[in-house]
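Visitor: Pick one part of this model and take me through it slowly, please. I'd like to hear how its pieces pack and what space is left around them.

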Amino acid sequence: MILYVLFVCSFAVATAEFVLVGLLPQVAADLGVSVPAAGQLVTAYMIVVTVGGPVAAVLTRRLPRRELLAGTMALATLSAVASAMATSYPMLLTARLGSALAQALFMAVASQVAMAAVPPERQTVAVARVFGGFALATVLGLPVGSLIGEAYGWPVTFVVVAGMAAVGLLGVVVCCPRIAAPPPAGVRDSLAALARPAIVAGLGVTLLTLTGFVAAFTYVAPMLRSVTGLSPGWVSIGLVGYGLGTIAGNLLAGRVRPGTITRRLPAALGALALILLAQPLLLPVAPLALVGLALLGAAAFLVVPLVQTWLMGQVDAATTGLVAAVNISVAGAAGALGAALGGAVLAVGLGPAWIGPVAAVSVLAATAVAAGLARTATPTGRTPAALPPR
């Protein structure tokens with residue numbers, strides 16, 4: 001049951017992140033700021049997620065996981081309520097920073113709880129369930145939140161988000177087993193664990209993979225419009241197909257046993273690279289372009305839970321939360337790099353169809369790193385024994 005609770009929590013937290021993107025014009029008009037100024041709410045949010053996750057993981061490393069997870073969801077709930085009640089830009093910014101901190105800590109703590117709550121052979125399923133909420137948020141949370149905002153005003157959207165977060169909080173209180181805090185670990189020991197070559201390589205896989213993926217996905221709408229020639233309505237359908245692909249990839253990730261991750265990861269990355277390389281061939285043909293977009297989402301959301309599970313299985317219990325948080329931070333940095341890479345391709349005049357092949361270079365590099373891990377790394381499969389029930 002706890003895995004379903006974590007799924008609900010993840011969906012609520014992810015929707016809180018994504019939903020503002022579709023509400024920026026309304027927020028800007030109501031608060032009396034420009035749309036670019038409102039867009040800085042998104043930028044500030046991502047900075048907190050990227051930097052705040054590891055810091056929060058270190059500061060809370062001695063707290064029991066159940067209580068910490070409940071506190072995190074309480075912060076997510078209160079921040080969403082504060083967002084709904086905001087009547088000025090500073091008030092909304094403060095509330096959004098609270099949501100960002102909740103998300104940053106949630107991904108680390110939820111991954112720990114998920115892995116501790118299941119037998120070793122089901123750890124990948126558990127982590128995939130956490131990321132599944134993010135996949136569903138792209139399909140359902142963002143568009144439905146935008147529709148609610150258009151019909152009833154953007155504050156109502158945040159009221160709905162607060163309600164979902166509150167349901168998640170209740171689920172944590174009722175269903176989450178008591179899980180002890182990890183054994184004490186000093187900051188120096190934790191940083192030393194992060195500096196191990198295998199961990200650095202795993203984080204490198206995240207950085208290289210998501211840099212390539214985000215480079216292509218950031219500009220998917222211009223690609224579908226200018227290269228494929230789709231109308232805005234069909235672009236929206238394509239994005240729904242992408243979201244369904246992310247769910248499929250997430251479900252497939254859950255079928256990979258922890259001990260086989262390093263053997264399966266190079267193939268998953270290779271598939272993502274091939275999809276990116278094929279973009280100039282797929283985009284001119286509308287059906288192929290839509291299928292390619294769905295496959296892009298599936299491949300990306302197959303890789304991400306696998307890397308997270310593997311990384312957490314390579315460190316001792318005292319460091320699992322930190323390595324999970326750092327991996328999420330690396331993903332945030334990759335998002336910024338990927339958007340810049342896609343923009344650079346357009347800036348030099350190659351055209352949107354060539355973003356995919358350029359981005360594939362980064363993913364191919366990740367494939368090479370993952371292949372090295374398959375030859376040298378020890379298999380996962382350890383429970384964060386680290387986190388025994390008490």
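Guide: Let's start where H6 meets H7: these two helices make a right-handed crossing. Keep in mind that this is a predicted model, so everything here is computed from predicted atoms. The contact draws on Gly145, Ile148, Gly149 and Tyr152 from H6, while H7 brings Trp154, Val156, Thr157 and Val160. Sort those residues by class and you get 5 nonpolar, 3 polar and no charged. As for the geometry, the axes of H6 and H7 sit 6 Å apart and the packing angle is about 135 degrees. Roughly antiparallel would take an angle over 145 degrees, and H6 and H7 are therefore oblique to each other.

Before leaving H7, which covers residues 154-175, have a look at methionine 164, which sits in that helix. Leaving aside residues up to four places away in sequence, methionine 164 touches Val8, Phe11, Ala12 and Thr15. If you'd like a C-alpha distance to go with that, take methionine 164 and alanine 16: they are 148 residues apart along the chain, yet their C-alpha atoms are separated by 9.8 Å.

Now back to H6, residues 123-152, and over to another partner, H14, residues 286-313. Their axes come within 9 Å, crossing at roughly 130 degrees. That makes H6 oblique to H14. The crossing of H6 with H14 is right-handed. On the H6 side the contact involves Gln123, Thr124, Val127, Ala128, Phe131 and Ala135, and on the H14 side you'll find Phe301, Val304, Pro305, Leu306, Gln308 and Thr309. The class tally for the contact of H6 with H14 is 8 nonpolar, 4 polar and no charged residues.

H14 also packs against H9, and there the axes come within 10 Å and cross at roughly 165 degrees. H9 and H14 are therefore roughly antiparallel to each other, as the cut-off for that label is anything over 145 degrees. The crossing of H9 and H14 is left-handed. H9 puts in Ala198, Ile199, Gly202, Leu203, Val205, Thr206, Thr209, Leu210 and Phe213, and H14 answers with Leu296, Ala300, Val303, Val304, Val307, Trp310 and Leu311. In terms of class, that contact splits into 13 nonpolar, 3 polar and no charged. Val304 is worth clicking on: it is part of the contact with H9 and also of the contact with H6.

So much for the packing; on to the space. H14 turns up again around the second largest cavity, where its 4 residues are the largest share of the lining. That cavity has a volume of about 70 Å³. Its lining is made up of Ala216, Val220, Met223, Leu224, Leu276, Gln279, Leu283, Ala289, Gly292, Leu293 and Leu296. Leu296 is a name you've met already, in the contact of H14 with H9. H10, residues 220-227, supplies at least two of the lining residues too, as does H14. The lining counts as 9 nonpolar, 2 polar and no charged.

H9, residues 197-218, has a role of its own around the largest pocket: with 8 residues, this helix contributes the largest share of the pocket lining. The pocket holds about 1900 Å³ of space. Of its 49 lining residues, Glu17, Phe18, Val21, Thr138 and Phe217 are the closest to the centre. The pocket lining does include charged residues, 3 of them, next to 33 nonpolar and 13 polar.

One last stop, for completeness on the enclosed spaces. There are 3 cavities of 30 Å³ or more, and the largest has about 90 Å³. It is lined by 14 residues, and the closest to its centre are Ala57, Arg61, Arg65, Gly321 and Leu322. H3 (35-59), H5 (89-116) and H15 (320-347) each bring at least two residues to this lining, and H5 gives the most, with 4. By class the lining comes out as 8 nonpolar, 4 polar and 2 charged, whereas the second largest cavity has no charged residues in its lining.

Key:
Residues numbered from 1 in each chain as written. Predicted model: local features only at pLDDT ≥ 70, side-chain atom pairs only at ≥ 80, totals over all residues. Heavy atoms only, no water. Axes fitted to C-alpha atoms, helices over the stretch in contact; angles between N-to-C directions. Parallel < 35°, antiparallel > 145°, perpendicular 65-115°, else oblique. Left-handed = near helix turned anticlockwise from the far one by under 90°. Contact = heavy atoms within 4.5 Å. Nonpolar A, V, L, I, M, F, W, Y, C, P; charged D, E, K, R; others polar. 1 Å grid on protein atoms, 1.4 Å probe; cavity = no way out; pocket = protein on both sides within 12 Å on 5 of 7 lines; lining within 4 Å. Points joined across faces, edges and corners; volume = space filled by probe spheres on them.
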